[in-house]
Amino acid sequence: MAGSLAASAFFPGPGASPAASAKNLAGEVPDSLSVRGIVAKPNANSGNMQVKAQAQTLPKVNGTKVNLKNASSDTEEAIPYTAPKTFYNQLPDWSMLLAAVTTIFLAAEKQWTLLDWKPKKPDMLVDTFGFGGIIQDGMVFRQNFIIRSYEIGADRTASIETLMNHLQETALNHVKTAGLLGDGFGATPEMSKRNLIWVVSKIQLLVEKYPLWEDTVQVDTWVAAAGKNGMRRDWHVLDCKSGCTILRATSVWVMMNKNTRRLSKMPDEVRAEIGPYFNARAAITDEQSEKLAKPGSTAGGDAMKQFMRKGLTPRWWGDLDVNQHVNNVKYIGWILESAPIAILEKHELASMTLDYRKECGRDSVLQSLTTVAGECVDGDADSTIQCDHLLQLETGADIVKAHTEWRPKRAHGEGTPMGGFPAESA
């Protein structure tokens, strides 16, 4: 019945007047319509269309239900005027459409995640964002680094200071991840109770190749015992893309009292903390270590030439660590300050041995001395160069003694290891 009422409103029956039909075809709505489509007299008190309801069923006009207040079958009821549909009011509800699209997207993403998920082995649980994680049954800490543009030098490769900073960062993150970080610079809780800190006494490193900008390197580090009162920390750095060795390094650390600045024995409580993490694996074998010359090995040769740089001072706070002494990586930069430019331009550092003798404070003034073997003074690009270095206070006290070996620079991408130190897999 509702359909017949709507049809009669727009398509008049045989009894309808021609005037009413013409108005309906033109899209105009008469002032007043009866249920049968007959033109009714307009109501002076209301601008709404009037219809007479002949039944209880709610009729529809242009798809919209008409509210009829049926007091009686002869009562005229007011029907609100419905504007004709236009392009504007036919547009969809964009908020509902956006909500639907978002719901579909989230559901698809969740389904894809469930399909792509795979259980991982414990030794593969390394942090995706580069913060690192413990692998190999808790014995090794691994962290990845991307070489940034500000970490490369003039030859577009990462500097030795950059690589050394990566070693230091992984060492601290290893202690932190293992839950052994106290309030000192790498100190354990038992060390912090006794005002003890770690200080490095020796570092040896072999550099197989230097990574380029945007390369990703993987740094593995672990610890072992070094005598009765020392600890050895080793590193193995790999190129994540090729798997080739970039650097191997080993170091020896001893304890110092933070207040007296004197060396200390390792307490049993500290040994109990770090002992479970000791790993017998060595990054640099004994045979390789023997081939690394000790500081002073080039002294006494013929035609030795010495280079010096004076007036080196720590930057206020910039070069100090939390223990208020100069960071050990800064010493490397000072050592190379006195290296001849002819060597730096044509050669790259292949190995280094550093013996730390005394700490350096914020008010220290130092001088750097480099001794080069006579046959390599001119920086021959085809030869391997050996240098001895000495970093000392201007008063004469030795801070660091070092020995370096330099090889001719290779084209980017070449990974041939230096003679006598073949690359090994992890």
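Helices (H or I, at least four residues) and strands (E, at least two) are DSSP runs, numbered from the N terminus. The model is predicted, so local features need pLDDT of at least 70 and side-chain atom pairs count only at pLDDT 80 or more, while totals for chains, interfaces and linings use all residues. Residues are numbered from 1 along each chain as its sequence is written, and side-chain values use heavy atoms, with hydrogens and water left out.

V199 lies in strand β7. Its relative accessibility is 12%, so V199 counts as buried (under 20% relative accessible area; exposed is over 50% and partly exposed in between, with a 1.4 Å probe and protein chains only). Apart from neighbours within four places in sequence, V199 is in contact (heavy atoms within 4.5 Å) with V252, W253, V254, M256, L263 and H325. Of these partners, V254 is 55 residues away from V199 in sequence, yet the two C-alpha atoms are 5.6 Å apart.

The loop between β7 (196-207) and β8 (216-226) contains D215. D215 has 24% relative accessibility and therefore counts as partly exposed. Not counting residues up to four places away in sequence, D215 touches F145, I146, I147 and D239. The C-alpha atoms of D215 and I146 are separated by 5.7 Å, although these positions lie 69 residues apart in chain numbering.

The next topic is a helix pair. Two packed helices are described by the angle between their axes and the distance between the axes. Here the axes are lines fitted to C-alpha atoms, for helices over the stretch in contact, and angles run from 0 to 180 degrees between N-to-C directions. Helix α4 (residues 160-177) and helix α8 (residues 328-337) have axes that come within 9 Å and cross at roughly 165 degrees. That makes α4 roughly antiparallel to α8 (over 145 degrees; under 35 is roughly parallel, 65 to 115 roughly perpendicular and the rest oblique). The crossing of α4 and α8 is right-handed, meaning that the near helix is turned clockwise from the far one by less than a right angle, whereas anticlockwise would be left-handed.

On the α4 side, I160, E161, M164, N165 and Q168 meet N328, V329, I332, G333 and L336 of α8. The residues of this contact divide into 5 nonpolar, 4 polar and 1 charged (Ala, Val, Leu, Ile, Met, Phe, Trp, Tyr, Cys and Pro count as nonpolar, Asp, Glu, Lys and Arg as charged, and the others, Gly among them, as polar).

Cysteines come last. The structure holds 0 disulfides, a disulfide being a pair of cysteine sulfur atoms within 2.5 Å. C240 counts as partly exposed because its relative accessibility is 35%, whereas C360 is buried, with a relative accessible area of 1%.
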